[in-house]
Amino acid sequence: MVAAYKALFNLVLGFFLVLSLEGVGRKITARVQRRIGPPWYQNFIDVFKALSKHPFSNGWVFDFGVLMALGGAMATAMIVPMGSTTWTPFPNSDNFFVIMYLFAVGALGMAMGMVGSGNPWASIGVSRALTQMLGYELPYLIVISSTIFYYKTASIHKLVELQKNGWNLLVMPLGGIIAFISLMGMLGKKPFDISTAPAEIASGPMTELSGKYLGLLHIMHVFAMFVEVSLFVDVFLGGGNLGWYLVKFIVVWVLAVLISSVLPRFRIEQMLKFYWGVPLGLAFLNALFVLLGWTL
Amino acid sequence: MAMSTLLVSLVATSVVMYFISKASWKIGAILNFLIGIFLISYVFALSTGTTSELGTLFGQKLQLIWTNASYYFSLVSLLVIVSVMLFAIKWLDSQKYPAAFNMFLLMMTAGSLGVFMAADLITLYIFWEIAVLSSMLIVPMGKKESRKAAVVYAVMSASGTYMYLYGAFLAFQRYGTLNISEIAKHMVSDPSTGIKATIFLLLASAGIAKSGIFPLHTWLRIAHGNAPDAFSAVLSGQLVKLGSYVLMVSVAALPSLKIFSNIPFYSGIPATNYFLIALGATSIIIGTLMAIKQDDMKMLIAFSSVANGGYILIGIGTMDPIGFEGGVLHVFNHALAAAVIFMAFASVVYRTHTKKISELGGLIHKMPITFLAYLFAIISLAGIPPMSGFISKWMIYQALVRKGMFITAFIAFFGSIGSFLYVFRPLAGVFLGQLPKKYKDVKEVSPIMWLPMVILVTISLIIGIWPFPILKPIEGMRMDFGIAPTMKIADSSHWLIKGFAGNWNPVLVFNLFLIGFVIAYILYTLFPRPKKVDLLAPHKKEGAPINIYTGGEFIYNPDLYQYNTKFYAGFERMYEKHPSWEKLLEMLAKFFYDLGEWVHGWFFRPSPSAYTFWVTLTILIVFWVRW
Amino acid sequence: MISLLIAIPLLLAFISIIWRSLSKPLFFLASFTNIVILITSWFPNGVEIHAMGNWKPPFGINLVFDNASFYAALVVNAFFLLTSLLPGLVGNYGIPLMLLMAAANGFVLTGDLFNSFVFMEIITITAVTIASKKENFYNAFKYLILGGIAGSIYLLATIFAYASTGSLNMAHVSMAGISSSSLVAITTLYAIGLGVEAKLFPLNGWVSGVYGGNDLAPVILGTSVSFAALYMVGRLFGTVFHGNGAEVLYTLALITIVIGEVAALRQRNLLKTFAYSSVAQAGVVVAMLSKGTGTAMGLAYFHLTNDAVAKFVIFLVAGFLVYNYKNLNGVFKKHKVLGASFSIASFSLVGFPLFAGFQSKLRIIMEAFSMKDYLFPSVMLLATLIEVGYVVRWNVKLWFEEETQEKAETPVIASTLALILALVLITVFIKPDIFLGGAMKMGNALADTKDYIQGVLSVVKGGM
Amino acid sequence: MVYGISIILIGIGIYGLMTQKNLFKHIVSLSIIDTAVNIFIVATGYVSNGKAPIYTRALPGFSPNSFVDPLPQALVLTAIVIGVGTLALGASLLVRVKEKHSSINVENMKGVGE
Amino acid sequence: MRRLYAILVAAGLIYMLFVFLGTLPLYGKVDLSNRVSAHFLAKDVNSVDVKKWVEGDKQVPSREKIYGRKGFEDESANVVTSIVVNYRSFDTLGEVTVLFASAVGIGLVLGGMKRMGYGRKPNFILRVSTGILLPLIIMFGIYIFVHGHLTPGGGFPGGTVIAAAVLLLYLSNEEFVANMKTSKSLEGSMGSLYVIFGLAGLATGGAFLFNFLPNGVVGSLFSAGVVPLVYMTIGLKVGSELSGVVAEIHEEREG
């Protein structure tokens, strides 16, 4: 039962944390670009406004896809440990690969629902998103694999525990950096916002969204980002108690926002070539170091 | 009924089936299906360790034995075959040769079962050839290209088979027995690594050819892509698994870790196994990349079969307890997924008569059940929970990471993420998007056709949530082969699957997903009800425009507003000019043709003068050598 | 009695030159009588000889009747009997066929080197005559020239044997101490001389033209005559020369296997494809014969029997198709029985299980392995691989391609015969002893030189 | 000497077969080979100072090596007839080859593609 | 180039045969007592102990007188004939068959319909001398095969001479057409007769081609059992056969 409360807490915290951080992020970007920007709570307003409007539905698969996306994202968010064993809802199932793939359910649901809208822009957006996934996941997974190999566990909360004496980022700095670059792609921040690219493909998958569909998918996106950043914090920054965990979470977020605010967008091949170039190479180098025991 | 009686009578029945089907193919198909059901019940009733004797062939007893492996593989095969048999009851009305189809399908079933039951290499070979021969005769029943496909299939398969045969006799010559377990014993004590490795690789090559592993993978595209549509489900879902079985026999039943313990290559894996793993990895890369760029949906899944064959091989090849289980379980997952996908495609082709993704679209409006079956099948194929496909991939990753095989792991990840790409392509291009006008009167297929798909998908889902029934024979197999017999991976009492680095609870994960879905549904119902947009408006009324966002323009022809040609153009462009192994093999075939031409031109066609020349020259050479 | 095997067809041939129209029934009568004679003297299980004119060997010519020659004669005559049942196929060629039958029997039964040369020449001449059916003159001519050269070389070999032993009797030659250099000369010449009829590469240039040129030649030359020729290879190199020169045969045979299959792969003419396949199978048989042991030779003849039965069906069907249809696509849809027999026979050729070829091919590979020969099985398997390619291609083409032509009349007798033989092939898979028993007896008889010499030279029986 | 001639004749026949384009010359060459082989055979039976193996009043009796070997002669008799048969059949085939392919020169023959 | 290769290969073959010659006894230095023919010459094949013979005891007798005596196993004065028609009669049957096969083959290959003309009138001398020579030639042919067992010659040369007579007829007369029916009947019946002789031997003596008639005195015309009879059938057969061939070569197909 405790586990259920913890899981619920994950959802609640994730929702509020990320939604407000998104607002903060918009503010920061605006400031970097010499604008004033919206208030930090603007995204709450956006979500609730969207939810309250009368939407259009493009058929049952469209509805089903949205539900699947949101359900999958929430299920993943419920499993993710937040910085320590105490805040791990399901210590027996927080296996990294389980989280990664459960996460994919949401992504698939979204992709399916959006393409189900019948709009080709959505298809193009999904095609781009999937290709991008192929780009960033590979270096990321190599780095995570080397971490798992190093700590001999794939369980996130155990990884956190094993980092008590030093962050993984310090054990394998190279890996940390690569994972962060991949995280940028995962978050869909610039320069990796190819799949939505509003000016090119009419927001890609979101083309047909309206009203509560937009709101629900925004919430899904929130949980997704929560999972992605949490994983990074847990695996590389050693988690810590809830407070520390939040601080690390915010720092990672702000860093990502800052970097993205000064960069333009990649083209799809550029993105692939980028990820499969230096980051992938370095990820393998990192793996080699781990194998040879050359860690800090 | 003894196993031997069963197999012999199955082969005999198949011939009778031809004449029954000649009278009425429908009765034949139904009988086939009933026989299939009987076989499933038969398989459940057999207890492991049962043996049976088929007869004697050149002084060697042909023995059958029922093991955990036989049980598992037979069950998987029969699930696929029986589904297709059910599917065929209706589907066959679109075929030219229903009677022959029934006959060969049943014969192939007998052959496959025989392969799994065989206790010695020669029995295995006999049934193997029966399965290959009968399936090879079904393949050309498809469209025009399928004729060539049959030839390519036969030759590729034979190239593996004959290497296997050579290996089998090499083993027999050296160890004096053909019995697999006896050979295993002898091989462990045989000091000569070279010969052992030769035997090992020769035996494995049959599996390599059959399961579409790298150097011999090209037949899958052409054969699966062009075979009669429903039979592609059997080819990809079941027949390819014969190859996996042989690979398993050569890697695990002959305990490769013990046999080749003197040539470790990397983290305790012998060089021989590593070679196979490398082949598997190559297959994943090729299969994935090629699948991503296919426009022919059947060929797409054919390449996906290449990639998944690679997974199975990698999993089994590690001989790591969890990797092995993962590889073997992947057999089941891929079998079911591929079977459903191909049956779904068969249904689509049955209605639309095309298998080009770029000519289709929006069939979800017309064939929702087929769509759902396909959807769940690809979820399983892509290895996403809660379908069973995830479990095996998870296990394989565990093994790879544990062994520190990062490059292989990388390739496995690549294949896995690549699979998202390629399974999505038909989903988007065939089922979603805009329905082309010419298909506006297409209907859902009859229940006889969608029922088998639904059943298989349901099984896959149930196993994804509660995998312990299927893990039990796999664990038994692992014990039989002595791979870490003390380790327990499936812990059904705690609902856990234990990896080396963390466990997971499939039931819990499914429940979480369910909870997430319920919450989402609650949220969904809380907020205002949507208005329906009629996506089929232009089909229903002449002159009505499309109802969705078109940038403010009016578009009347839905065919134009569909994105399904070169779906991943951005990515595909990057490897357009890839070197083609298929071309290389074609060149090899052409070389043989040219050689034939040359031989014909030089020795057979010429005038008597040339004959005289050759005769005289031969005498001289013989004289020169012998004198 | 056994001299009747030669005398009756000869007599009937001479008679039918007077009454031409009788040639077909007389041909049937001759082959039928021969089979009856053979059946009444089933497997002598020893060496019986028939000294011609009561001149005892090694002075006179003698016919040798042992398990080997019995089995060979049985197979040879059986195919003649089958052919005689097909009047449409025989046509005007009843007399050459009878002569060919007499010659093939003589070739198989004779125990005299020069006599075997005479019969070989009759075989060549009648075979050329048969080959010239359907205006296939140029190919027949090429065969004639090649056969002529081979005959000359064979004759030279015989003379060398006579000059160094003073006798033409095989048994005597095999026991007379021939100096090793002389033996090399003799066996080299014999290898070449027989190589032409035994279809060894590169002496087999005639095969495709002759087998591919009409419907009768492959049916009879590819089965009976080729069996007789390969029997003589076993007799000479197994019994008489104790395996001297076997390595020449072995090498040539291996090359023959590959070359034959490769050439078959490329063929677009149905008859020629299987003509080349026949070449390759002859290679397999010769390679196995060159091993020299009783088991190996027995297996070789077992394989040859299977091959001959399969080839009979294949050539029968192919001949019918080629001369009744311009375009062979999908013709089996119209002739299901012919098609099924053809498929069964061709699969047996490849060695798929459920068919006779499987039994022989696997046994051969196994035997080769047990003799620590790793090369031959690999060559054979490679060849089989190529064989799979063209056999499947033809089957697919003949069964599944879109048909274009009007149906020709189904030949009832041919269909029945083909079907029966196809069923025989399946039966042999289940009970290989049907052929294997005889073939093994044949192989053992060929390998047992001592028994042969004893039988011929000391147990002189005038009669029988 | 006789051996030498016969062997050289065989060589000539073989050479003729290999070089001639006219098919009739092939038959001629084949005939040369036949003849050469026959000479060779007879030569193997020669005994120095041996007589023809026919009993006459002049040669009524027999002692070893008083006659030449009669067996090769008998064989040659057979071989000659066989040669004749081959030759005749070959020639008649050529008549028809000429009709069908319009020439008996290998290079000018029509319709012998395959 | 082609000729060069041909020369090389032919030279190689010649070289090879010369090398092989080394395995043969020197020319003229043959020891007949090692060969079976010694006993053919001595006409004592049936009294040789084969077992000892093959082991090296050649048992060659020396006979003072054979010509003019009787009581041998074979009585043709011409030993070659005794080999051809008696000791190795089976070869001869084969030989006859070869010729027959070849004649049948020619018939099947040529299969002509009407007489081919030479296109010019035969020479006067030819026409006239034909009438004179023809009986002589035929008689000579008959003489040759009737005396086959006594003198050099026999069925084959005799038959050929007879065929030459037919050829002469063809050459001298453009209208002449041989009666194929007769010649085929003769050919077939003579061939059958040979086989029937053989079968008669089988019936009476228990061996095919057994010499079942009484022998006479070596050197006399009526001697040597079936040998002269066989040679006569052969002579007639070869004569009619070759005449048939000559006739067939003179036929051409319509159109």
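A residue is buried if 20 or more other C-beta atoms lie within 10 Å of its own. Keep that cut-off at hand for these exercises, and remember that the model is predicted.

**Exercise 1. Decide whether A:Leu51 is buried or exposed, and find which residues it touches.**

Step 1. Start with the location: A:Leu51 sits in helix α2 of chain A, which covers residues 42-52.

Step 2. Now apply the cut-off. A:Leu51 has 21 C-beta neighbours inside 10 Å, so it counts as buried.

Step 3. Look for its partners, leaving out residues up to four places away in sequence. A:Leu51 touches A:Lys212, A:Gly215 and, from chain B, B:Phe527.

Step 4. Take one of these partners further. A:Lys212 is 161 residues from A:Leu51 along the chain, yet their C-alpha atoms are separated by 3.8 Å.

**Exercise 2. Work out how helix α15 of chain B is enclosed, and what covers it.**

Step 1. Find the helix at residues 368-381 of chain B; it has 14 residues. From first C-alpha to last it reaches 20 Å, close to the 20 Å expected at 1.5 Å a residue.

Step 2. Count the buried residues. They number 11 of the 14, so α15(B) is largely enclosed by the rest of the structure. Among them are B:Phe371, B:Tyr374, B:Phe376 and B:Ile379.

Step 3. Ask what does the covering. From chain B the cover includes α13 (297-318), α14, α16 (389-402), α17 (406-431) and α18 (447-465), and chain A adds α4 (96-115).

Step 4. Check what comes after the helix: α15(B) is followed by B:Gly383, which has a positive phi near 75°.

**Exercise 3. Find which residues have the most contacts inside the largest nonpolar core, and which helix gives this core its largest share.**

Step 1. The largest nonpolar core holds 717 residues, and B:Val340, B:Ile341 and C:Val313 have the most contacts inside it.

Step 2. Helix α14 of chain B (residues 321-352) provides the largest share of this core, with 21 residues.

Step 3. Now turn to C:Val313. Apart from neighbours within four places in sequence, its contacts are C:Ser341, C:Phe342, C:Ala345, C:Ala418, C:Leu421 and C:Ala422.

**Exercise 4. Describe chain C as a whole: how does its radius of gyration compare with that of a compact globule?**

Step 1. List the elements: chain C has 20 helices and 2 strands.

Step 2. Compare the radii. A compact globule of 464 residues would have a radius of gyration near 23 Å, and the 21 Å of chain C agrees with this. Along the principal axes, its C-alpha atoms fill a box of roughly 65 × 55 × 40 Å.

Step 3. Look inside. Buried residues account for 77% of the 464 residues of chain C. Of its contacts between residues at least 6 apart in sequence, 80% join residues at least 24 apart.

**Exercise 5. Trace which chains meet, and what makes up the side of chain E that touches chain D.**

Step 1. There are 7 pairs of chains in contact, and chains A and B share the most contacts.

Step 2. Set aside pairs that do not touch. Chains A and D have their nearest C-alpha atoms 54 Å apart, while for chains A and E the closest lie 61 Å apart.

Step 3. Move to chains E and D, where 59 residues of chain E are in contact with 45 of chain D. On the chain E side, α1(E) gives the largest share, 12 residues.

Step 4. Sort that side by residue type: 38 are nonpolar, 10 polar and 11 charged.

Technical notes. Residues are numbered from 1 along each chain as its sequence is written. Chains are lettered from A and ligands numbered from 1 in the order in which they are written. This is a predicted model: local features need pLDDT of at least 70, side-chain atom pairs count only at pLDDT 80 or more; totals for chains, interfaces and linings use all residues. A nonpolar core is a set of buried Ala, Val, Leu, Ile, Met, Phe, Trp, Tyr and Cys residues joined through C-beta atoms within 7 Å. A residue is buried if 20 or more other C-beta atoms lie within 10 Å of its own, exposed if 12 or fewer, and partly exposed in between; C-beta atoms are placed from the backbone. Helices (H or I, at least four residues) and strands (E, at least two) are DSSP runs, numbered from the N terminus. Two residues are in contact if their C-beta atoms, placed from the backbone, lie within 7 Å. The expected span of a helix is 1.5 Å times one less than its number of residues. Ala, Val, Leu, Ile, Met, Phe, Trp, Tyr, Cys and Pro count as nonpolar, Asp, Glu, Lys and Arg as charged, and the others, Gly among them, as polar. The radius of gyration is taken over C-alpha atoms; the globule rule is 2.2 Å times the number of residues to the power 0.38.
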